[in-house]
Amino acid sequence: MKRPLILALSLLILGALFFTYAAFNKKHTDVATANSQQEMSSYELFAEFDASETEATQKYAEQVITVSGLLLQRDLSNFQEPQIILEGNGDNGFIRCGFKEYSLQNAMDLTDGEHVKVKGLCKGFNDGGELDLLADRDVVLSNCILITLD
Amino acid sequence: MKHITTIVLATITLITLAFTQHNGGVYKTNTGNISFFSRTPIEDIAAENHKVKTAFSSVNGKLQFSVLIKDFEFEKALMQEHFNENYMESTKYPKATFNGIIEDINIVEVSKNGTYTSKVSGKLTIKNVTKEVSATATFSVKGDIVNAKAVFNVNPSDYNVKIPRAVINKISDNIKISIDADYTHQH
């Protein structure tokens, strides 16, 4: 009677250890292999955040999404995270897409004014709120990868 | 006729000045760096954000930051998850902001290469809690870029960040925040 109990307890402890180890070493979302939850234009994405930051944050934050739009500018001013800016609303609204350092060449190969498609992890809306010097409003994506247009 | 010419010239000068002043002194970046570091005997925790939106006015010294909490990246995904969901509640409080002033802006010569030091002070808002903070910042002007660096410390409990008893020994009550941003002039 004792033996099965010891065996069951040992298995339980092993399972708990494995679960703890797996949780502790959980990997970051791999955007390249993750399925995109939504696919939309940069205008549609910006419009949702513009309409309700709270609702859009709940819907998209930490989700892998695919966004296509007009590349306004490459922003390579921070070598730790090269970024590109897509048109958001034709005014002061943008989609800011950050790439990993190893994607610098991909970002550099782009040309301002071309149409691009990007897959990335949505992080939310940085609009500066009431801070008057920070009037630009960005929907922010991280860990982005470029998707080749058909 | 002379009066009319003078009035027209004065008006043009005023309009030109107004436009120059509008963006004249604003330096900005959307790619600033903020990192934080927590050291305890049990564990070191660090995270970085490279998409900090920040600007300052070289005219009046106003300095502002806005940073998305979810965009802080940790080495371990689980730490990042706990930071966002349990401690910072980043879906409910998505941003941290700073609204302050470069106290000695008059000594920061943005058009002359060099290194200048000034006290920076203002209101730091995290999780809807606003506190006065201050730090010494270094401004290094090199060509078109003004680099600013500053380091200060915060206590999470001051900003309603509740640390569960089980991990209280793993998270410092004196977290070091480092800022490093390259500003360029806005035309």
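Is Cys144(A) buried or exposed? Cys144(A) is buried, at a relative accessible area of 2%. Keep in mind as you look around that this is a predicted model. Two chains, A and B, meet here, with 38 residues of chain A in contact with 38 residues of chain B. Below is a quick tour of the cysteines, the place where the chains meet, the layout of chain B, and two residues in chain B.

**The cysteines**

- Looking for disulfides? A search through every chain of the structure comes up with zero.
- Take Cys97(A): its nearest cysteine sulfur belongs to Cys144(A) and lies 4.6 Å away, and Cys97(A) is in no disulfide.
- A disulfide needs two cysteine sulfur atoms within 2.5 Å, so the 4.6 Å between Cys97(A) and Cys144(A) doesn't qualify.
- Cys144(A), likewise, is in no disulfide, and Cys97(A) has the cysteine sulfur nearest to Cys144(A).
- As for the surroundings, Cys97(A) is buried, with a relative accessible area of 0%, and Cys144(A) is buried at 2%.

**Where chain A meets chain B**

- The size of an interface is often given as the accessible area lost when the parts come together.
- Here, chains A and B bury about 3000 Å² between them, and carbon and sulfur atoms account for 51% of that area.
- Eight salt bridges are counted between chain A and chain B.
- One of the salt bridges pairs Lys28(B) with Asp136(A), whose closest N and O atoms are 3.0 Å apart.
- Polar contacts link 22 residue pairs between the two chains, counting pairs with both residues at pLDDT 80 or more.
- On the chain A side, the elements that each supply at least two residues are α1 (2–24), α3 (53–60), β4 (93–99), β5 (115–126) and β6 (137–147).
- Which of these gives the most to the side of chain A that touches chain B? That would be β6(A), with six residues.
- Sorted by class, the side of chain A that touches chain B is made up of ten nonpolar, 14 polar and 14 charged residues.

**How chain B is laid out**

- Chain B contains two helices and nine strands.
- If you follow chain B along its sequence, the pattern reads α-β-β-β-β-α-β-β-β-β-β.
- Chain B has 187 residues, and 46% of them count as buried.
- Among contacts in chain B with a separation of 6 or more, 59% come from residues 24 or more positions apart.

**Two residues to find in chain B**

- Val133(B) sits in strand β7, which covers residues 129–142 of chain B.
- With 15% relative accessibility, Val133(B) counts as buried, because the cut-off for buried is under 20%.
- Beyond residues up to four places away in sequence, Val133(B) touches Phe98(B), Val120(B), Ser121(B), Gly122(B), Leu124(B) and Tyr159(B).
- Lys123(B) is ten residues from Val133(B) in sequence, and their C-alpha atoms are 6.2 Å apart in space.
- Gln80(B) is in helix α2, residues 77–87 of chain B.
- Gln80(B) is buried too, with a relative accessible area of 9%.
- What does Gln80(B) contact, leaving aside its neighbours within four places in sequence? In chain A, the partners of Gln80(B) are His28(A) and Lys123(A), while in chain B they are Lys70(B), Phe72(B), Glu73(B) and Phe74(B).

Note on methods: Residues numbered from 1 in each chain as written. Chains lettered and ligands numbered in written order. Predicted model: local features only at pLDDT ≥ 70, side-chain atom pairs only at ≥ 80, totals over all residues. Heavy atoms only, no water. Buried < 20%, exposed > 50% of the residue type's maximum accessible area, 1.4 Å probe, protein only. Contact = heavy atoms within 4.5 Å. Buried area = accessible area lost by both parts, 1.4 Å probe. Salt bridge = Lys/Arg side-chain N within 4 Å of Asp/Glu carboxyl O. Polar contact = N/O pair within 3.5 Å; in protein donor to acceptor, adjacent residues only side chain to side chain. Helix = DSSP H or I, 4+ residues; strand = E, 2+ residues; numbered from the N terminus. Nonpolar A, V, L, I, M, F, W, Y, C, P; charged D, E, K, R; others polar.
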